[in-house]
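User: Could you take me through the labels people put on a model like this one? For each, I'd like to know what earns it the name.

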Amino acid sequence: MATANAPESREPMVRIEGLRKSFGSLEVLRDINLDIMPGQVVTIIGASGSGKSTLLRCINLLETPDAGHVWFHGADLAAEHVDVNRLREKIGMVFQGFNLFNNMDVLDNCTLAPVTLKKMKKAEAEQVAMKHLESVGLADFAHANVSNLSGGQKQRVAIARALCMQPDLMLFDEPTSALDPEIVGEVLEVMRGLAADGMTMVVVTHEMAFAKTVSDRVVFMDKGVIAEEGTPAEIFGAPKHARTREFLARYLDD
């Protein structure tokens with residue numbers, strides 16, 4: 001677990017200023033400004049196509065912004081002198097589609113990056129991996145073939161794999177949207193545990209109950225801009241923007 005996650009820190013772990021991104025003639029992100037403080041859980045909600053996943057992917061430069069800045073621990077990721085790969089090692093990412101290596105067992109999936117990127121000894125990497133597999137309830141599956149796992153188990157392996165790099169920040173891109181409804185809960189429970197342990201997290205999600213109960217801040221995106229942001233109580237209890245109210249209507253009715 002990252003030791004830098006001290007909630008009392010006053011400097012943002014991530015600062016985004018004037019971020020813009022287009023794909024051809026389609027402007028996906030327009031002048032995004034956002035601070036993410038250490039220890040915070042920030043959820044990003046909004047309709048499909050509102051720019052949520054693109055914003056998340058710009059934070060670790062899986063997508064290159066057209067304009068603006070993304071600072072991580074005070075370093076501008078777009079600056080020429082910055083070692084993006086070194087900084088990216090401190091940013092864990094969990095994808096909608098798991099992105100596991102099906103030709104490796106669970107343990108090898110978890111140890112590959114620490115051994116190859118951090119030059120960790122295999123025995124040490126396996127010890128770290130087993131700790132994180134234990135934390136997600138999959139220690140008994142360490143030598144299982146990934147292709148034999150359920151969707152929920154694969155996503156929990158993906159979370160453990162990201163944690164093995166000892167990140168300061170975890171990014172989740174709709175981590176439950178590819179899962180059957182009955183196994184969504186097991187993944188959200190792992191994420192709740194990470195939040196309780198103080199992990200800084202940015203989560204793109206359609207799971208409104210998670211956003212409402214686990215977030216420190218909720219960001220509502222609409223057509224490439226941040227239309228509204230605030231605490232869960234503010235966004236779910238008294239949204240100011242008409243589009244936010246419209247999007248949340250069925251949840252507010254509940």
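User: What makes β1 and β4 a strand pair?

Analyst: Two strands pair if DSSP finds at least two bridges between them. Strand β1 (residues 14–23) and strand β4 (residues 67–72) have five, in the antiparallel sense, so they pass that cut-off. Within this pairing, R20 stands opposite A67 in β4. The names come from DSSP runs numbered from the N terminus: strands are E runs of at least two residues, and helices are H or I runs of at least four. The model is predicted: local features need pLDDT of at least 70, side-chain atom pairs count only at pLDDT 80 or more, and totals for chains, interfaces and linings use all residues. Residues are numbered from 1 along each chain as its sequence is written, and side-chain values use heavy atoms, with hydrogens and water left out.

User: Why are β2 and β5 called edge strands?

Analyst: The sheet is open, with four strands in the order β2-β1-β4-β5 and antiparallel pairing. β2 (26–36) and β5 (75–76) each pair on one side only, which makes them the edges.

User: What makes D31 of β2 stand out, and is it buried or exposed?

Analyst: D31 has a positive phi of about 55 degrees although it is not a glycine, and its place is in strand β2. As for burial, under 20% relative accessible area is buried, over 50% is exposed, and values in between are partly exposed (1.4 Å probe, protein chains only). D31 is at 42%, so it counts as partly exposed. L61, in the loop between α1 (52–59) and β4, also carries a positive phi, near 60 degrees, without being glycine. L61 has a relative accessible area of 19% and is therefore buried.

User: How do you know that S50 is buried, and what does its side chain reach?

Analyst: S50 has 3% relative accessibility, so it counts as buried. This serine lies in the loop between β3 (41–45) and α1. A polar atom of its side chain lies 2.8 Å from the backbone oxygen of A47. A polar contact is a pair of N or O atoms within 3.5 Å; within protein, one must be able to donate a hydrogen and the other to accept it, and residues adjacent in sequence count only if both atoms are side-chain atoms. The 2.8 Å distance is inside that limit. Leaving aside neighbours within four places in sequence, S50 is in contact (heavy atoms within 4.5 Å) with V28, M221, D222, K223 and G224.

User: What makes D105 a cap for α3?

Analyst: A side-chain oxygen of D105 lies 3.2 Å from the backbone nitrogen of L107, at the N-terminal end of α3. The buried residues of α3 (106–116) are V106, L107, N109, C110, T111 and P114, and they pack against α4 (122–135) and α5 (151–163).

User: Why is N109 on that buried list?

Analyst: N109 has a relative accessible area of 2%, so it is buried. Its side chain reaches the backbone oxygen of M104 at 3.4 Å. Not counting residues up to four places away in sequence, N109 touches L100, F101, M104, V146 and R161.

User: What makes the roughly 580 Å³ space a pocket?

Analyst: On a 1 Å grid over the protein atoms alone, a pocket is an open set of points with protein on both sides within 12 Å along at least five of seven lines, whereas a cavity is a set where a 1.4 Å probe fits but cannot get out. The volume is the space filled by probe spheres set on the points, which are joined across faces, edges and corners. The largest pocket holds about 580 Å³. It is lined by 21 residues, and the closest to its centre are I91, M93, A113, L117 and M165. A lining residue has an atom within 4 Å of a point. α3 gives the most to this lining, with four residues.

User: How do you know which way I91 and M93 point?

Analyst: In a regular strand, side chains alternate between the two faces of the sheet. I91 and M93 point one way from β6, G92 and V94 the other way, and all are buried. β6 pairs with strand β7 (residues 169–173) in the parallel sense over four bridges, and M93 has L171 as its bridge partner in β7.
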